[in-house]
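I opened this model to look up a few residues and the nonpolar packing. My notes are below the display.

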Amino acid sequence: MKQKECAVLPLPKIALVASEYPRLEQLARRAAQRGDLDGIFLLGEINRADIVPDEWDDLRSRVIVGSWVTFCTNWGVPRRIVQLVWPEECWSDPARISVLTPLGAALIGLQVGDQMPYFVAGCLNVVRVLNVTRSSPNVVPLFPAGRRSRPLDDDPGPTAA
């Protein structure tokens, strides 16, 4: 009998910030107790993660909740930019991915250049992180940076009659 060869993608090291860890762990544990496969996957990722301080130097290149992530996958979809959010912040915005989805659980804790396998509907996928930012890539500041010579509001307010 011939044995099948199988390529195994090594799992990247992941890091979670200490301030997010308790909420992530509670969210994943509750979902896993209900038999939610995404919760079980997230719980496994949390259990293998390094917990780092919020001031950690390497944090800028890591995916945390609230990060904007540019990524590509193995199934030919062009690169996408999404924000990783808590489940209650997801709404129906396709630019927001809940941490309690297969893709969200795969992204949490990764850094730029990492590849991570995850399953959707029984199919193996691989996500690759291309960029991580803390603010929306489409946000344009209302006012240019720098000092203002006068206050924002020129209205002196109510005056006596």
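These entries cover a serine, the nonpolar cores and an arginine, in that order.

I noted at the outset that the model is predicted.

**Serine 67**

I looked up serine 67 and found it in the loop between strand 2 (50-52) and strand 3 (68-73). Its relative accessibility is 0%, so I entered serine 67 as buried, the cut-off being under 20%. I then checked its side chain, which reaches the backbone nitrogen of isoleucine 64 at 3.0 Å. Leaving out residues up to four places away in sequence, I listed Arg62, Val82, Gln83, Leu84, Val132, Thr133 and Arg134 as touching serine 67.

**Nonpolar cores**

I turned to the largest nonpolar core, which has 30 residues. Leu42, Leu107, Ile108, Leu110 and Val127 have the most contacts inside it. I wrote down the elements that give two or more residues to this core: helix 1 (21-33), helix 2 (37-48), strand 3, strand 4 (80-85), helix 3 (102-107), strand 6 (115-120) and strand 7 (123-133). Helix 3 supplies the largest share, four residues. Apart from this core I found another, of five residues, including Val17, Val52, Leu59 and Ile64.

For leucine 107 I listed contacts with Val63, Val69, Val82, Val127 and Val129, again not counting residues up to four places away in sequence.

**Arginine 29**

I located arginine 29 in helix 1. I entered arginine 29 as partly exposed because its relative accessible area is 36%. Its side chain and that of glutamate 25 are joined by a polar contact of 2.3 Å. From arginine 29 to leucine 42 I read 8.7 Å, C-alpha to C-alpha, with their positions 13 residues apart in sequence numbering.

Key:
Residues numbered from 1 in each chain as written. Predicted model: local features only at pLDDT ≥ 70, side-chain atom pairs only at ≥ 80, totals over all residues. Heavy atoms only, no water. Buried < 20%, exposed > 50% of the residue type's maximum accessible area, 1.4 Å probe, protein only. Polar contact = N/O pair within 3.5 Å; in protein donor to acceptor, adjacent residues only side chain to side chain. Contact = heavy atoms within 4.5 Å. Core = buried A, V, L, I, M, F, W, Y, C linked by side-chain atoms within 4.5 Å.
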